[in-house]
Amino acid sequence: MKVLLAGGGTAGHINPALAIASYIKEQEPDAEFLFIGNRDGMEQRLVAAAGFPIKSVVISGFKRSLSPKSTVHNIKTVARSFTARADAKKIIGDFDPDICIGTGGYVSGPVILAACNLGYPAVIHEQNAYPGVTNKMLAKKVRRVMLAIEDAKKHFDGGASFVVTGNPIRPEILATKHEEARHKLGFDGLKKPIILSFGGSLGAKCINEAMAELMARSAKDKKYYHIHAYGQQGGYTLDLLKERGVSLDMSDNLDVRPYIDNMNECLAACDLVVSRAGAITLSEIQAKGRPAVLIPSPFVAENHQYHNAMSMANKKAALVIEQKDLTGEKLAQTVDSILTDPAVLQKYRKNAQKMAITDANERIYKTIREVLAEKR
């Protein structure tokens with residue numbers, strides 16, 4: 001089988017494509033793969049690091065501002081969309097794939113559209129509860145629209161063929177067990193609840209500030225154990241804690257670091273997650289049955305993180321605080337409302353687990369095989 005994949009711009013589009021490719025390769029070691037990415041996108045680094053070949057087109061997204069600078073950018077984007085589609089047709093024709101898979105982002109649009117125009121079978125995967133513009137545009141042209149959650153279907157126009165597959169989840173997340181993780185992290189016998197908090201690789205200022213207040217309280221009352229990642233740009237969090245009289249050397253219940261490299265262990269060991277509401281993050285939270293306090297980013301396309309967060313809140317699996325309402329006091333009250341009531345904690349844990357789809361890779365592979373069978 002020859003597989004062409006297109007997706008990029010953010011890790012949320014690239015990592016699902018890599019997970020899909022890796023699973024297909026496990027099932028069919030002789031399969032051939034080719035990624036098409038934006039020339040300047042992070043997919044160039046991530047795909048190469050994963051050991052897959054990648055070719056490039058040049059594409060950009062539209063800006064909503066009406067400023068002269070944005071207008072010039074949008075004119076260039078229109079021109080790039082035509083050249084990107086032409087370049088994609090050449091790459092696709094040369095590779096001659098059996099199946100084309102789009103996982104979203106600017107690059108996915110012209111590539112999958114070119115594949116459909118050339119008569120190649122194509123499918124797309126939507127990671128979020130609210131679909132992106134690219135996938136909404138492609139939905140009626142592809143053979144299948146694979147959804148992370150059922151809620152996303154209502155945001156598409158009719159006429160497409162949908163299947164709920166879930167989001168691909170890293171194997172190590174699924175494999176790491178609660179007691180095993182607590183033992184490895186040195187939490188044997190720890191009685192207090194563990195809070196895991198993070199705001200993405202760069203860090204989220206609002207989360208860092210609110211968590212600094214909560215951690216300052218915990219440093220005094222020792223009610224919770226904290227694992228907090230402040231991100232690449234969040235070093236000021238250490239100053240915020242110092243300003244509140246917190247000495248990390250003297251606080252044995254605070255683990256504050258730039259990154260969480262062992263997310264599988266921290267997620268398996270914790271009792272509550274405080275985070276943004278990226279699609280893959282929520283899928284992993286659900287897979288481990290972890291309640292969450294979600295602070296969706298208001299700066300993402302289509303406000304999709306809010307819709308992601310509400311998909312959990314509506315199932316009583318998470319509580320949502322919009323960024324405009326977030327304060328340290330509000331966060332502390334929300335965390336307490338879950339962690340100080342065992343019945344509430346158990347209810348949220350069970351509801352999160354009910355939402356989990358842990359066989360997404362298998363479902364996606366099955367869908368691809370069904371499309372290939374239809375082709376024959």
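I began with a network of salt bridges, in which R217, D221 and D336 are linked. I keep in mind throughout that this is a predicted model.

**Entry on R217 and D221**

I looked up the pair inside that network and found that the side chains of R217 and D221 meet in a salt bridge, with 3.5 Å from N to O. Both residues belong to helix 8, which covers residues 205–221, and because they are four residues apart there, about one helical turn separates them. I then checked how far each is open to the outside: R217 is partly exposed at 26% relative accessibility, and D221 is likewise listed as partly exposed, with a relative accessible area of 36%.

**Entry on K222 and D252**

I went on to K222, whose side chain meets that of D252 in a salt bridge of 3.9 Å, N to O. This pair links distant parts of the chain, 30 residues apart, since K222 sits in the loop between helix 8 and strand 9 (225–229) and D252 in the loop between helix 9 (236–243) and strand 10 (254–257). Is D252 buried or exposed? I noted a relative accessible area of 64% for D252, which makes it exposed, whereas K222 is partly exposed at 32%.

**Entry on D271 and R349**

I next took the salt bridge between D271 and R349, where the closest N and O atoms are 4.0 Å apart. D271 lies in the loop between helix 10 (263–269) and strand 11 (272–275), while R349 is in helix 14 (residues 342–355), so the pair ties together parts that are 78 residues apart in sequence. D271 has a relative accessible area of 14% and counts as buried, because the cut-off for that class is under 20%. R349, at 25% relative accessibility, is partly exposed. For the whole model I wrote down a count of 15 salt bridges.

**Entry on the sheet**

I then traced an open sheet of six strands, and recorded the order 10-9-8-11-12-13 with parallel pairing. Strand 10 and strand 13 (318–320) stand at the edges with a single partner strand each, so one side of each has no neighbour in the sheet. Direction ignored, neighbouring strands of this sheet are turned by 15° against each other on average. At one end of the order I looked at strand 12 (residues 292–294) and strand 13, which run parallel and are joined by three bridges; among the residues involved, L294 has V320 of strand 13 as its bridge partner.

**Entry on helix 11 and helix 12**

I asked myself which strands helix 11 lies across. Helix 11 (residues 279–287) lies across strand 8 (194–198), strand 11 and strand 12, and it runs at about 175° to strand 11. Turning to its helical partner, I found that the axes of helix 11 and helix 12 (residues 304–313) come within 10 Å and cross at roughly 20°. Because angles under 35 degrees count as roughly parallel, the two helices fall in that class. The crossing of helix 11 and helix 12 is right-handed. On the side of helix 11 the contact is made by A279, L282, I285 and Q286, and on the side of helix 12 by N308, A309 and M312.

**Entry on Q27**

Last, I looked up Q27, which has its place in helix 1 (residues 11–27) and is partly exposed with a relative accessible area of 38%. Taken C-alpha to C-alpha, Q27 and N351 are 32 Å apart in space, and 324 residues apart in sequence.

Key:
Residues numbered from 1 in each chain as written. Predicted model: local features only at pLDDT ≥ 70, side-chain atom pairs only at ≥ 80, totals over all residues. Heavy atoms only, no water. Buried < 20%, exposed > 50% of the residue type's maximum accessible area, 1.4 Å probe, protein only. Pairing = 2+ DSSP bridges. Axes fitted to C-alpha atoms, helices over the stretch in contact; angles between N-to-C directions. Contact = heavy atoms within 4.5 Å. Parallel < 35°, antiparallel > 145°, perpendicular 65-115°, else oblique. Left-handed = near helix turned anticlockwise from the far one by under 90°.
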